[in-house]
Structure formats: structure tokens, C-alpha cells
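Here is a short walk through a predicted model. Keep the strands in view first, then turn to the enclosed space.

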Amino acid sequence: MHRPIDGPGHGTGDGGGAGRGPAPVPPPYRPHPAPPAEPADPWAAPADGVPDPGRVDPRVLGALLARHGWRRRGGAAGRYGRWTPPGSGPGSGGTSLLVPDSLAFPDSEDLIGEALTALARSATPSAREILTGLAVPSDEIRWWREVPPGPAGTVPWPAQERFRSAARGVLLAGALAVRGRAGYHGSRHRSAARAALEPVVLATDPGGRALTAFLPVPPGRPVAVRLHHALHAAREAVDYQRATGGMDAFDSAVEAGVSRELTEALVALVRGTEGARIALAWAPAAGVPDGCAARPEPVEFSPGDLPALREASARYLTDEPSVPVRITGAVVRLRRSGPRGEGRVKLRVLGGADVGHVRVTLDEEAYRTAGHAHLVGLPIRVVGRLESRGGFRRLTDPSDVVPVQVDEAERDRLMKSLHEDLDFFEEACGPGE
């Protein structure tokens with residue numbers, strides 16, 4: 001290809017003779033500066049799943065190995081320890097880790113790196129859980145269930161799915177109890193509780209009889225602490241009911257975090273099994289939280305506990321009182337049987353209650369007010385009582401229904417969310433409501 005004669009750097013008669021090459025051509029555009037590097041997360045594991053050896057405390061590594069059944073066999077006292085996986089004997093010749101007792105020795109970091117690499121390559125089921133606990137300091141909650149094996153010696157897939165669902169129910173009950181104490185939460189605080197559980201990692205045992213949840217210390221520790229107290233309180237309440245026939249202990253257990261959601265999750269966990277056990281272990285790197293045992297005892301439930309748990313669940317459902325509220329919400333559905341009279345309205349709650357939607361029956365005048373507010377894209381404010389029946393999704397005794405003035409930007413946002421978000425609109429206005 002030939003460069004145009006008038007292009008930059010083309011040889012001209014101004015001193016450019018034989019033996020001199022053409023002047024260098026400057027780049028046509030200035031390159032963009034590279035974006036600044038994101039600050040590294042000090043606890044993030046690299047792509048290969050092995051944490052940075054320089055950030056691993058050997059005492060934490062040793063505590064995690066001991067927690068998961070690894071045995072220390074020999075090594076120089078106060079300097080090094082040799083760890084072998086569960087079930088291996090002194091002369092088995094399997095995987096072993098040489099772990100320093102501290103970082104005071106010159107080769108400590110190298111030994112930790114070799115131990116982490118060996119864990120990453122190990123076929124021992126607990127190896128991956130140990131690496132997870134090192135990458136992100138996490139409290140661990142472990143569930144076991146005694147169930148008959150399937151044809152291949154493992155738990156059938158439907159039973160494993162029910163197991164995972166029950167474990168998630170226990171975690172959700174703990175997250176709800178962090179938001180507030182109640183015998184029945186219903187739909188209250190549910191979105192915030194689910195958001196608090198997003199960082200949780202759930203690992204399944206290959207045989208399908210055990211599950212482990214890793215709750216990162218920030219922000220998962222409040223959930224772990226609440227479950228620690230709630231599970232022990234539920235166990236004591238069941239024992240009291242089976243011994244005396246009284247349900248009073250379940251009433252006082254609400255303050256510890258016991259609720260219908262927790263008892264229902266425990267029923268799902270135990271049903272169809274010979275028993276279930278839940279154990280909790282604190283993150284070694286974060287220490288023991290105040291008011292909790294350093295090594296909490298596992299909590300066990302058996303099929304004989306199911307009648308007490310079911311009775312408590314029904315009691316919590318009927319005894320939870322209604323809640324007086326003053327709700328601000330956007331009208332997402334209007335329905336009545338004729339052109340006049342009262343009608344039913346569904347509101348997307350914007351403030352005043354920790355629920356997503358509520359339904360309310362309004363008289364003719366209030367219904368007309370709600371309809372006009374919906375047409376012009378304004379929310380309404382209504383005073384009433386949230387009924388526990390139906391999960392705190394119904395507002396009774398409504399009064400003082402008035403539209404709420406908002407600025408133009410907020411009105412446009414409401415109109416867009418109500419009329420352009422088709423997925424939400426179909427969900428809000430579906431025939432099943």
C-alpha cells in the first residue's frame with residue numbers, strides 16, 4: 001500500500017536524502033488511559049479456588065482442619081503439624097498436610113501454599129469446605145438427616161430437594177427473626193430477609209444426607225446468632241410440651257426467635273426421616289459472638305417431636321395479632337362486581353409496612369378516590385389494620401383514603417412501573433389474585 005504524498009511523515013526535499021528513512025508516523029489517536037484497577041478483596045479466592053497463602057492464618061487453618069475431622073499426627077511441637085484426612089491411618093500413605101503452627105518461621109508461607117494446593121487437589125469432601133472457610137470467614141450451619149438409602153446407596157433426588165428446601169426455610173426463619181420477633185411473620189420483612197441471605201453458600205454432601213451453609217461473618221453473623229438461640233429454645237419448648245402437655249414454653253420462645261416459619265421448616269426437615277440434627281460452628285477468624293457457647297452442642301429433632309411442632313405452628317398462626325398501620329401504596333388493581341358500591345383494591349406498598357402488597361376492600365367513595373389516583377399516577381394513603389390471616393396481606397377497617405402528592409419525577413416513575421413493566425403488571429393483575 002502507498003501512503004499519500006501529502007500524508008504526515010512523507011519524505012520531502014527538506015534534508016531527507018538517501019540513507020534516511022521516512023519520519024516516524026505519529027499515531028492518529030491518543031490511546032485511552034487504562035482504567036484504575038479495582039481494589040482487591042482481601043478475602044476473595046482466586047479463580048483456581050485457592051486463597052492467597054499470605055493471608056491465611058495457620059491457626060485458622062488448623063482449627064478448620066480439626067473441625068472437619070482431620071487428625072494431627074506428629075510434627076515438631078510448637079513448629080509444625082502433619083494433618084491427615086478423616087478415616088486415614090498413620091501408614092495409609094494418603095494425602096497429608098504439613099502446616100506450621102505460626103508465621104514465625106521463614107518457610108511458613110511456602111508450607112501454607114503447599115497445604116492449600118494439596119487441599120484443592122484432594123478428593124476428600126471436606127477439603128473444599130475448608131478452602132471455602134478460608135476464602136471468606138464464615139459461620140457454618142450443618143444439617144444431617146437419617147433417611148433410608150436409595151437403590152444406588154444415596155438419598156433419592158426428590159428427598160434431597162426437600163432437604164435443601166427445609167434447610168433454606170430454617171435460614172429464612174433466622175433472617176426473619178433478626179428483623180423482628182413474632183410468632184408469625186407472614187409476608188412481613190420477607191424481601192429484606194431474602195436479601196440478607198444472598199451471600200450464603202449452601203454445599204451438599206455427596207451422599208445427600210448432609211448440608212452445610214456458609215454464612216459470611218459480615219453480614220451473616222446476626223442470622224447465625226439468632227438461629228443459635230432459636231433452635232435451642234425450640235428444642236427446650238418441645239421437651240416441655242412432651243413432658244407436661246403445655247404450650248407455654250413456645251410462647252416465651254418467640255423472644256428467642258422461634259416462629260411459625262421455624263417450626264414449619266423443622267417439620268419439613270424431620271418428616272420422612274428417622275431424625276435430624278443441626279450443628280453450628282463459629283468462624284475461627286472472627287471469634288465467638290457474645291452470649292453464645294464457644295462450641296454449641298448440636299440440636300436434634302426426631303419424628304416424635306412432630307406433633308408438638310405442628311401444634312406450635314398452628315398456635316403461632318392463630319395467636320399473632322393484627323397490626324395497626326398507615327400505608328402509602330400505588331394502586332395496581334381495581335375490581336368490583338358492578339358499576340357502583342364497594343370494590344377491592346390491590347396496593348403495592350411504598351411505605352408504612354414491611355410487606356410487598358396488600359389487598360383492601362373500600363366503600364364506594366374511597367374506591368372512586370383510589371381509581372382517580374390510579375389514573376393520574378398518584379399513590380394513596382390509607383389507615384387500617386394488617387390482618388395475620390393470609391400472611392399480613394390484607395388490610396381491614398380502612399379509613400382516611402387520600403391521594404398523596406408527589407413530584408413529577410416520582411409520578412413518572414410510578415406510571416412507568418405500573419404500565420411499562422409487563423412482568424410485574426401481569427403478576428399484580430393476574431386472575432389468581
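Two strands count as paired if DSSP finds at least two bridges between them. Strand 9 (residues 323-335) and strand 10 (residues 343-351) meet that mark, with seven bridges in the antiparallel sense. One contact to pick out is Thr 328, whose bridge partner in strand 10 is Gly 351.

Strand 10 also pairs with strand 11 (residues 357-362). The sense is again antiparallel, over six bridges. Here Gly 343 stands opposite Leu 362 of strand 11. Strands 10 and 11 form a hairpin, with five residues between them. In that turn, Gly 352 has a positive phi of about 100 degrees.

Now move to helix 6 (217-244). Does its length fit its residue count, and why? Helix 6 has 28 residues, so at 1.5 Å a residue it should span 40 Å. Its end C-alpha atoms lie 39 Å apart, which agrees. Just after helix 6 comes Gly 245, with a positive phi of about 85 degrees.

Helix 6 also leads to the enclosed space. The structure holds two cavities of 30 Å³ or more. The largest has a volume of about 50 Å³. Its lining takes two or more residues from each of helix 6 and strand 7 (276-281). Helix 6 gives the most, with four residues. Among the lining residues are Leu 227, His 228, Ile 278, Pro 296 and Glu 297. By class, the lining has seven nonpolar, two polar and one charged residues.

Terms used: Residues are numbered from 1 along each chain as its sequence is written. This is a predicted model: local features need pLDDT of at least 70, side-chain atom pairs count only at pLDDT 80 or more; totals for chains, interfaces and linings use all residues. Side-chain values use heavy atoms; hydrogens and water are left out. On a 1 Å grid over the protein atoms alone, a cavity is a set of points where a 1.4 Å probe fits but cannot get out, and a pocket is an open set with protein on both sides within 12 Å along at least five of seven lines; lining residues have an atom within 4 Å of a point. Grid points are joined across faces, edges and corners, and a volume is the space filled by probe spheres set on the points. Ala, Val, Leu, Ile, Met, Phe, Trp, Tyr, Cys and Pro count as nonpolar, Asp, Glu, Lys and Arg as charged, and the others, Gly among them, as polar. The expected span of a helix is 1.5 Å times one less than its number of residues.
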